[in-house]
Amino acid sequence: MGCGPKLGKNQNNPEPPNILFILSDDHTSQAWGIYGGILEDYVQNSNIDRLASEGMVLNNAFCTNSICSPSRASILTGQYSHLNQVYTLSEPLPRNHPNIARTLSNNGYQSAVIGKWHLVGKPEGFDYYNVLPGQGRYWNPIFKSEGNWSDGYDSSTGTEHEGFSTDVVTDLTIEHLNKRDKNKPFLMFCNFKATHEPFDYPERYKDLYKDIDIPEPENLLDFDQNNTGRTFHGQTLERLAIRWEKATKHPDEFWTDYPGLPYPLEGLDSIQRRKKIYQKLVKDFMRCGAAVNDNIGKLLDYLEEQGIAENTIVVYTADQGYFLGEHGFFDKRLIYEESLRMPFVIRYPKEIKGGQRLDDIILNIDFAALLADYAGIEKPAYIQGVSFRENLKGNTPRNWRKQMYYRYWLHHPDRPAHFGVRNERYKLAFFYGQDLGMKGTSKETTAPTWEFYDLQRDPKEQHNAYGELEYGAIIKEMKLAMLQERDKYGDTDVDYDVMKSILAREFQ
């Protein structure tokens, strides 16, 4: 789907910029170092910091559905899940669905994606692709491309590459860029598997953090949801330990293998056990992230060696956030801050001043609009998001959003399906608890519940203040805002009969 004029050197766009979009998996803001926090002095982040000092950091970038496949689909299409039809982990993008790679390819760009894809079906709109089947594996990863493609996560037709996944993805990215047509700008998606579970790492980092204790989040020992008013159980760290045990005892039957097993936890009480589980999770995660940092540096060095750094937009982001022991959790999926927030840094020397921060609310559906804007293309009609190019230049439009809408579809009783609104201070979430026929969901429904947080007074979301008289008027306003956001984006549940009575009762 082509939009706007074909690219070319002209007075308004003398040299269209290259775009290197580096996307990791689950590399949460707590582990970037540049966002502060208890891990700030422990993470290996020299090249992330390099990007931040030379570009701009987004302080309030959020995903619209905190899980791998849907977030990637939203990044590519600029659409919420109900429009691009990637709701959970099992749906491909519909055939011939518009995306930003196709738009830029149709307007003079060379487009490619290398690394993690996780969208089931064959990549479309890219001039070149070489991607991991499903999650892929950390060691000696297998890649599928045009010549050996088969839909799904089967890797039997792919090509194996020796080495550690993050290193291999970078090497293949550079190899492809070396073959580019230097008379055309490029759009390159370099997608790392890291830092996804099982959080493996290269040999060079096996002794990193050895014999030291990493600081703990203040709510690590949140064992009882009744203490905070949380309305669901969540994905607790103890479940990660169960996975380690299964992978140790039945390595040929379990879905993956973890580094550093066995990891004994016998004889520990509940507090000791959770603390020890946390130490392994956070250390493995940061070791895995250290390899990402290495490879960001390798890519940045390549751009400089090629003499194209000045005219190349570099983005580094993650598809969503991740819990590293906060609330006693691991994983993501929730509207809570650690999961909702997307770390994001962008460098473009020609236009963005280095060392800057942006507080505006930015969504992953905005990324495609931004890339189209930089390419000199009028925003395609299919994109629901808005370009934030002017925001990055310090010229935030007066009508820029003051709130954002979120929806998670992959229902399970411990992490119910929900939607919500977050503004600059408050957050309201409605856990409607229905599967709505989505793939991979639990059929065990949960009673509808509400949660409300004052993020100024309660930034760790430790006190569900829904129903408290003090916030009655604000909650009423936010319920109205929630309905407005749903109407705005066309996410109204008109096709789900079970939701009609629930919504009528809860929003009366």
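## An exposed glutamate

Glu 162 counts as exposed, because its relative accessibility is 76% and the threshold for that class is over 50%. The model described here is a predicted one. Within it, Glu 162 belongs to the loop that runs between β7 and α5 (165-178).

Apart from neighbours within four places in sequence, the residues in contact with Glu 162 are Asn 140 and Val 168. Gln 356 lies 194 residues away from Glu 162 along the chain, and 39 Å separates the C-alpha atoms of the two.

## The sheet of ten strands

The strand β7, which precedes this loop, is also part of an open sheet of ten strands. The order across this sheet is β7-β6-β5-β4-β8-β1-β9-β12-β2-β13, and the pairing is mixed. Its edges are formed by β7 (159-160) and β13 (356-358), each of which pairs on one side only. In general, the strands of a sheet pair through backbone hydrogen bonds, in either a parallel or an antiparallel manner.

One of the parallel pairs consists of β1 (residues 18-24) and β8 (residues 186-191), joined by five bridges. Leu 20 stands opposite Met 188, a residue of β8. Elsewhere on the sheet, helix α1 (residues 46-54) lies across three strands: β2 (56-58), β9 (312-318) and β12 (344-347). The helix α1 runs at about 60 degrees to β12.

## The sheet of four strands

A further open sheet has four strands in the order β15-β16-β17-β18, with antiparallel pairing. Here the edge strands, each pairing on one side only, are β15 (403-408) and β18 (449-454). On average, and with direction ignored, neighbouring strands of this sheet are turned by 10 degrees against each other.

Strands β16 (residues 418-423) and β17 (residues 426-431) run antiparallel and are joined by five bridges. Gly 420 is placed opposite Ala 429 of β17. Helix α12 (residues 497-506) packs on this sheet and touches β15, β16, β17 and β18. The direction of α12 makes about 140 degrees with that of β17.

## The largest pocket

The largest pocket has a volume of about 650 Å³. It is lined by 24 residues, of which Gln 30, Glu 338, Arg 341, Pro 459 and Lys 460 are the closest to its centre. By residue class, the lining of the largest pocket comprises nine charged, eight nonpolar and seven polar residues.

Technical notes:
Residues are numbered from 1 along each chain as its sequence is written. This is a predicted model: local features need pLDDT of at least 70, side-chain atom pairs count only at pLDDT 80 or more; totals for chains, interfaces and linings use all residues. Side-chain values use heavy atoms; hydrogens and water are left out. Two strands pair if DSSP finds at least two bridges between them. Helices (H or I, at least four residues) and strands (E, at least two) are DSSP runs, numbered from the N terminus. Contact means heavy atoms within 4.5 Å. Axes are lines fitted to C-alpha atoms, for helices over the stretch in contact, and angles run from 0 to 180 degrees between N-to-C directions. On a 1 Å grid over the protein atoms alone, a cavity is a set of points where a 1.4 Å probe fits but cannot get out, and a pocket is an open set with protein on both sides within 12 Å along at least five of seven lines; lining residues have an atom within 4 Å of a point. Grid points are joined across faces, edges and corners, and a volume is the space filled by probe spheres set on the points. Ala, Val, Leu, Ile, Met, Phe, Trp, Tyr, Cys and Pro count as nonpolar, Asp, Glu, Lys and Arg as charged, and the others, Gly among them, as polar. Buried means under 20% relative accessible area, exposed over 50%, partly exposed in between (1.4 Å probe, protein chains only).
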